[in-house]
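Here's a quick look at how one protein chain is put together. Have the sequence and the 3D view open while you read.

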Amino acid sequence: MPCTPQNRPAFAGNKYFCAALTNPHTCMIPLSIPNLAGNEWQYVKECIETGWISSVGAYVGKFEQMVADYAGAKYGVATVNGTAAIHIALELAGVGEGDLVIVPNITFIASANAVRYTGADPLLIDVDPHTWQMDLDLLEQFLREETYYKRNHCYRKSDHRRIAAILPVHVLGNMCDMDRLLRLAQENAVAVIEDSTEALGSRYKSKNAGTFGLLGTFSFNGNKIISTGGGGVIVTNDENLAKKAKHITNQAKTDPFEYIHDEVGYNYRLVNVLAAIGVAQMEQLPDFITRKKVIDRMYRDGLEGKAGDVVFQRVGENVDPNCWLHTLKTAHQRPLIQHLLDNGVQCRPFWVPMNRLRMFRGEQYITAADEAGKVYESCISIPSSTSLTDEQVHEVIRVIRGFFEKH
Ligand SMILES: *Cc1c(COP(=O)(O)O)cnc(C)c1O
C-alpha cells in the first residue's frame, strides 16, 4: 500500500495517540478510504476541460439516475452531503417546529442534527443488542402506551406533541425487520424516512434500503461505500416529492432567467465535478459490495470463536447487507483499540449514543437496559476499505488474535 496522506491519519491530540503515527513513513492499514480505481480522473478531467464544474452539467442528472436505478427507486435528487439529504427528506415529510421524530439512540450525529434543523426534536429509542438497529419491541411498546391518535396524526400523551416521523438508521448497512417497522408506522399514522446513508446496496427481502419509506437518503462522504468526496442523494418513488426536493435544494428558484424564488430554499445541490466522480464510483459499486462481503467473511471466519469474546454484528433476518464497515464487539474494547493502533491498524470506537451528548441529553430515551451504552462501550470498527489486500485483512486478524493470546 503506497503511503499517501489519506491512509496516514493524524491522531495528535487524541488520547489514543500512538508513537508510530508521528512517523510520516509509517502507514497504518486504513479504516475506510475511497477506492478511486475507475474512470474518476477521466470524468473529472472532462468537466474541467469543458468548464462544466459547477451546478449545471450532465453528470448530476446521470448520477442521480444511476443511484435511483441501483436503489430501485424512480427518482433521485443529488445533495451536497448526506446530512442535507436527511434534512430535506424530513422537511418534505412535513416535519416542522415542535414535532418529534423517532431516532435510534445509536446513530451518527447527522440523523439527530437534521431533526433539529427542521425545528423538531429527536425521541430516542434504544437498539437491539445484537443487530444494533432500533429495538422494535421498545418502539411498539412506546407507540401503544405513550401515544394517542387524533385526526390522522400521532401524539405523545405526556405533552401532546406530534410524532411526525420515524427515522430508522440502517446502521453499518444492516437493517431491522422492515415489515414490522412499516406496519407500526402505518398503524400509528407516522411517516417513515430512511437514514439509509450507510446502506446503498443493502436489501431486505430483495427490496433495497432507501425505498421503504416516503423518502430515503444516501451519503457519499469519504468513508462510505462509494464517495464523491462529499455528497448525498435523496430517493423516492413520488414524482411530486422528487420535484419538490430538486426545487428546495436549488434555492427554490422558479424562473430560469429572473431571480424569482417562491419559498426559503437551500443551496444544497451537488456540483457537476463531484457528480462525475460519483458516476465513476457507481460503475464500480457492484464490485465494491462483492469485495466488502469477502472481507466480512474473512473477518468472521478468522475471529469469531478464535479471538477471545469477539463477535460481529448480527445480520437481521431477511437482510442482505452491503457489509459497509466491519465492526466487532468485545469486553476488552479500549485495550484492544490501543493494541490495534500500536500495531499499525487504524480503528475507531463506535458513536457516542445520542442520549449522552449535551444537545440531546434532555430528550426522551426509551430503553430497558441501555443497550446503546453497552454497544458504545464494546464495539470497534476495523479496516474495511475495498482496496484492502487479503494480506492486510489477515494482518488485522493476526494482530487481534495476538491481543487475545495475552488476555
Ligand atoms: C454518513 C452518515 C450520514 C451523512 O453524512 P454526511 O457526511 O453528511 O454525508 C448520516 N447518517 C449516518 C448514520 C451516516 O453514517
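What follows covers the sheet, the helices packed on it, and the cysteines.

## The sheet

Keep in mind that this is a predicted model. Its open sheet has 8 strands with mixed pairing, and going across you meet them in the order S1-S11-S10-S7-S6-S2-S3-S16. At the edges sit S1 (75-79) and S16 (365-366), each of which pairs on one side only.

Inside that order, take a look at S6 (residues 163-166) and S7 (residues 191-195): the two run parallel and are joined by 2 bridges. Ala-165 has Ala-191 in S7 as its bridge partner.

## Helices on the sheet

Helix H2 (residues 58-71) packs on the sheet, where it touches S1, S10 (215-219) and S11 (232-236). The direction of H2 makes about 125 degrees with that of S1.

Then there's helix H6 (residues 178-187), which lies across S6 and S7. H6 runs at about 145 degrees to S7.

## The cysteines

How many disulfides does the model have? The count comes to 0. For a disulfide, two cysteine sulfur atoms have to be within 2.5 Å. Take Cys-379: the closest cysteine sulfur to its own is in Cys-347, and that one is 12 Å away, so it's too far for a bond.

Buried or exposed: which is Cys-379? Cys-379 is buried, with a relative accessible area of 0%. Cys-47 is buried too, with a relative accessible area of 1%.

Definitions and conventions: Residues numbered from 1 in each chain as written. Predicted model: local features only at pLDDT ≥ 70, side-chain atom pairs only at ≥ 80, totals over all residues. Heavy atoms only, no water. Buried < 20%, exposed > 50% of the residue type's maximum accessible area, 1.4 Å probe, protein only. Pairing = 2+ DSSP bridges. Helix = DSSP H or I, 4+ residues; strand = E, 2+ residues; numbered from the N terminus. Contact = heavy atoms within 4.5 Å. Axes fitted to C-alpha atoms, helices over the stretch in contact; angles between N-to-C directions.
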